[in-house]
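Hi,

Here is the structure I said I would pass on. Have a look at it first, and then read my notes below.

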Amino acid sequence: MHHKNYPLKDLNSFALDVSAKELIFAETIEQVKIFAQNLPEQFYILGGGSNSLFIENYLGTIFCPDLRGIDVRDDENNFYLHVASGENWHELVKYCLTSNMPGLENLALIPGNCGAAPIQNIGAYGVEFANVCDYVDWFDFQSLKTIRMSAEHCQFSYRDSIFKGALKNKGVVVAVGIKLSKTWVPTLKYQGLNELGENPTPKQVFDTVIAIRESKLPDPKRIPNAGSFFKNPIVNHQTFAAIKAQYPNFPAYPANGTDMKLAAGWLIQESQLKGVAIGGAAVHTLQALVLINNNNATGKNVIELARHVQKTVKQIFNVDLEPEVRLISAQGEQLIEDIN
Ligand SMILES: Cc1cc2nc3c(=O)[nH]c(=O)nc-3n(C[C@H](O)[C@H](O)[C@H](O)COP(=O)(O)OP(=O)(O)OC[C@H]3O[C@@H](n4cnc5c(N)ncnc54)[C@H](O)[C@@H]3O)c2cc1C
């Protein structure tokens, strides 16, 4: 389906009142192929819109790969799921749980589509998409063929993959393959989950993840937002030591050998930014890592607020915060420092 001047308000979890010059839904591989054969000069691939911030009306084509279907097979040791990109991620987690195929419960309640899961390698509560990925089916715009990529080929790392780098705009995820071991081992290292005792059921883990998330994160349907606005920054040992000397209890985790991953939410909170607002955009009062649209915000309000957060955290902690959310201006995706 092909649309002109399409409103995006219901297609982005920030609920920004913007539109796209053109929007195309594809429900079959054949329709994906037709799009690829007529590739517009400027396009943006959109799933559930829960990690995309449209700063203003988009002047190119939005492409929505809305393919559906879940196939399951198994062998002695594993379940193998083949999931089309337009399926909703949380619905998949629920389906696996109720079908006695545990393994995804730590990733419950992450909004968005399954096709977007490998893009930033979604993760929560000690589990990442990379841990369960068997393969990604990638429709290559040049060869017009679907290529099956192994998890290794996807180059997953923290909120990153080959799809954000070398393969950006070169194709589209049409399905993901997920492998779940029949020998379920719960991942319980995160606070809240580590109180579940030694032998919780998958349902208990699922319910606890949901309860923790609902207590901390605003529901985008009521308070529009795109989850964590910034990535947790990874800093060298010198920067870490300087902060630790002043704040002995601040949360940090080892990353990449000697580097440390810091909790971005904590840095923002300690910078006294909770509740700070610019126009209709504000830093959430319960979870400082989330920027919200609480009063008809414009995309520019959100960008100005994000810059204010970056500048303040830099001044106080000498740490750079990088947006996790994808930022799209009229001409296409841009880095925050390049936006006018
Ligand atoms: C309340 C809330 C909580 C969140 N919690 C988490 C969390 O715990 N962990 C986490 O990792 N994320 C979290 N997120 C972010 C978001 O849910 C994930 O990034 C999710 O994978 C985005 O899916 P989407 O379909 O909405 O992506 P979109 O915003 O539509 O797209 C995201 C990116 O993926 C690309 N893309 C989408 N589909 C495809 C495709 N089929 N092929 C190629 N490229 C594609 C887009 O071009 C874009 O660059 C949260 C968001 C919200 C609103």
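Let me start with a small puzzle: which residue in β16 is the bridge partner of P254? It is M260. Keep in mind throughout that this is a predicted model.

M260 is a good way into that corner of the protein. M260 is also the bridge partner in β16 of V235, so this residue turns up in two pairings. The first of these belongs to the antiparallel pair of strand β14 (residues 234–235) and β16, which are joined by two bridges. The other belongs to strand β15 (residues 252–255) and β16, also antiparallel, with four bridges. β15 and β16 make a hairpin with three residues between the strands, and N256 there has a positive phi near 40°. As for β16 itself (residues 259–262), M260 and L262 make up its covered face, while D259 and K261 are on the uncovered one.

Now the overall picture. The protein has seven helices and 21 strands. Its radius of gyration is 20 Å, close to the 20 Å that the globule rule gives for 340 residues, so the protein is as compact as a globular protein of that length. Along the principal axes, the C-alpha atoms fill a box of roughly 60 × 50 × 35 Å. Buried residues come to 50% of the 340.

The ligand site is probably where you will want to spend your time. There are 32 residues around the ligand, and I45, G47, G48, S50 and S52 come nearest. Three polar distances are worth a look in your viewer:

- N51: one of its backbone N or O atoms is 2.8 Å from a ligand oxygen.
- P111: a polar backbone atom lies 2.8 Å from an oxygen atom of the ligand.
- R213: here a polar side-chain atom is 2.8 Å from a nitrogen atom of the ligand.

On its own the ligand has 990 Å² of accessible area, and the protein covers 94% of that. The elements giving two or more residues to the shell are β3 (43–45), β8 (123–124), β12 and β13 (225–228). Of the elements, β13 gives the most, with three residues. By residue class, the shell divides into 14 nonpolar, 14 polar and four charged.

β12 also takes us to another part of the fold. Strand β12 (residues 171–181) pairs with β10 in the antiparallel sense, over seven bridges. Within that pairing, V136 has V176 in β12 as its bridge partner. On to the next neighbour: β10 is joined to strand β11 (residues 145–150) by six bridges, again antiparallel, and the partner of W138 in β11 is I147. β10 and β11 form a hairpin with four residues between them, where L144 in the turn has a positive phi of about 60°.

So is β10 buried or exposed? Seven of the eight residues of this strand (residues 133–140) are buried, so β10 is largely enclosed by the rest of the structure.

A few single residues also caught my eye, and each of them is buried.

T61 lies in strand β5 (residues 58–65). Its relative accessible area is 4%, which makes T61 buried. The side chain of T61 has a polar contact of 2.4 Å with the side chain of E22.

W266 is in helix α6 (residues 264–270). Why does W266 count as buried? Its relative accessibility is 16%, and the cut-off for buried is under 20%. W266 and V174 are 92 residues apart in sequence, and their C-alpha atoms are 37 Å apart in space.

S271 sits in the loop between α6 and β17 (277–278). With a relative accessible area of 7%, S271 is buried. A polar atom of the S271 side chain lies 2.7 Å from the backbone oxygen of L267.

That is everything from my side for now. Shout if you would like to go through any of it together.

Cheers

Conventions: Residues are numbered from 1 along each chain as its sequence is written. This is a predicted model: local features need pLDDT of at least 70, side-chain atom pairs count only at pLDDT 80 or more; totals for chains, interfaces and linings use all residues. Side-chain values use heavy atoms; hydrogens and water are left out. Buried means under 20% relative accessible area, exposed over 50%, partly exposed in between (1.4 Å probe, protein chains only). Two strands pair if DSSP finds at least two bridges between them. A residue is near a molecule or strand if one of its heavy atoms lies within 4 Å of it. A polar contact is a pair of N or O atoms within 3.5 Å; within protein, one must be able to donate a hydrogen and the other to accept it, and residues adjacent in sequence count only if both atoms are side-chain atoms. Accessible areas come from the Shrake-Rupley method with a 1.4 Å probe; for residues, only the protein chains shown count as cover. Ala, Val, Leu, Ile, Met, Phe, Trp, Tyr, Cys and Pro count as nonpolar, Asp, Glu, Lys and Arg as charged, and the others, Gly among them, as polar. The radius of gyration is taken over C-alpha atoms; the globule rule is 2.2 Å times the number of residues to the power 0.38.
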